[in-house]
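The following exercises are to be worked with the sequence and the three-dimensional structure at hand. Each task is followed by a solution in steps.

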Amino acid sequence: MDARGPEAPGGRALRDAAENLFQELQEHFQALTATLNLRMEEMGNRIEDLQKNVSDLMVQAGIENSIKQQMVRLLGNYVNLLRIF
């Protein structure tokens, strides 16, 4: 017998069920985290592609480099913010 005293009837079964539930929740949380990370990475890639396309369009349109650099910087900031999360 340990320092907690005698176990109540059905206490072990309840504890085992709680441990199983906790394990399942942990597995679901890990799967959700992996899915979210993958989607965030995909979104970052899409924003980088958008950034490149906007840059290419601005070059084709003959827009000044300073405006182009501001747009590229702005889109880059969004990508960096997404990577933080």
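**Exercise 1. Classify G44 and identify its contacts.**

Solution. The model is a predicted one. At 6% relative accessibility, G44 falls under the 20% limit and therefore counts as buried. The residue is located in helix α1. The next step is to look beyond its neighbours within four places in sequence: there, G44 is in contact with V79 and L82. Finally, consider a distance between backbone positions. G44 and G76 are 32 residues apart in sequence, and their C-alpha atoms are 9.6 Å apart in space.

**Exercise 2. State how many helices and strands the chain has, and describe its surface in figures.**

Solution. The chain contains 2 helices and 0 strands. Helix α1 covers residues 11–61, and helix α2 covers residues 65–84. For the surface, begin with burial: 11% of the 85 residues count as buried. The accessible surface of the chain amounts to about 7,300 Å². Carbon and sulfur atoms account for 59% of that surface.

**Exercise 3. Test whether the length of α1 agrees with its number of residues, and describe the residue just after the helix.**

Solution. Take the 51 residues of α1 at 1.5 Å a residue; the expected span is 75 Å. The count of rises is one less than the number of residues, because the span is defined in that way. Next, compare this with the model: the end C-alpha atoms of α1 are 74 Å apart, which agrees with the expected value. Just after α1 comes G62, whose phi is positive, at about 75 degrees.

**Exercise 4. Which residues of α1 are buried, and what does Q51 touch?**

Solution. The buried residues in α1 are G44, I47, Q51, S55 and M58. Of these, take Q51: its relative accessibility is 16%, so the residue counts as buried. With residues up to four places away in sequence set aside, Q51 touches V72, L75, G76 and V79. A further distance concerns Q51 and M71, which are 20 residues apart along the chain, with 8.0 Å between their C-alpha atoms.

N45 offers a contrast in accessibility. This residue also has its place in helix α1, but with a relative accessible area of 37% N45 is partly exposed. From N45 to V79 the separation is 34 residues in sequence and 8.3 Å in space, C-alpha to C-alpha.

**Exercise 5. Locate the salt bridge and assess the accessibility of its two partners.**

Solution. The count comes to 1 salt bridge. The partners are K52 and D56, and the closest N and O atoms are 2.9 Å apart. This separation satisfies the criterion, because a salt bridge requires the nitrogen to be within 4 Å of the carboxyl oxygen. Both K52 and D56 lie in helix α1, with their positions 4 residues apart in sequence, about one turn of the helix. As for accessibility, K52 has a relative accessible area of 51% and is exposed, whereas D56, at 32%, counts as partly exposed.

**Exercise 6. Find the nonpolar patch on the surface and examine L81.**

Solution. The patch is formed by M71, L74, Y78 and L81. Together these residues have about 360 Å² of accessible area. L81 belongs to helix α2. At 46% relative accessibility, L81 counts as partly exposed. This value is compatible with membership of the patch, because patches are made of residues with over 30% relative accessible area.

Key. Residues are numbered from 1 along each chain as its sequence is written. This is a predicted model: local features need pLDDT of at least 70, side-chain atom pairs count only at pLDDT 80 or more; totals for chains, interfaces and linings use all residues. Side-chain values use heavy atoms; hydrogens and water are left out. Patches are made of residues with over 30% relative accessible area and no salt bridge: like charges are joined within 9 Å, nonpolar side chains (Val, Leu, Ile, Met, Phe, Trp, Tyr) within 5 Å. Accessible areas come from the Shrake-Rupley method with a 1.4 Å probe; for residues, only the protein chains shown count as cover. A salt bridge is a side-chain nitrogen of Lys or Arg within 4 Å of a carboxyl oxygen of Asp or Glu. Buried means under 20% relative accessible area, exposed over 50%, partly exposed in between (1.4 Å probe, protein chains only). Contact means heavy atoms within 4.5 Å.
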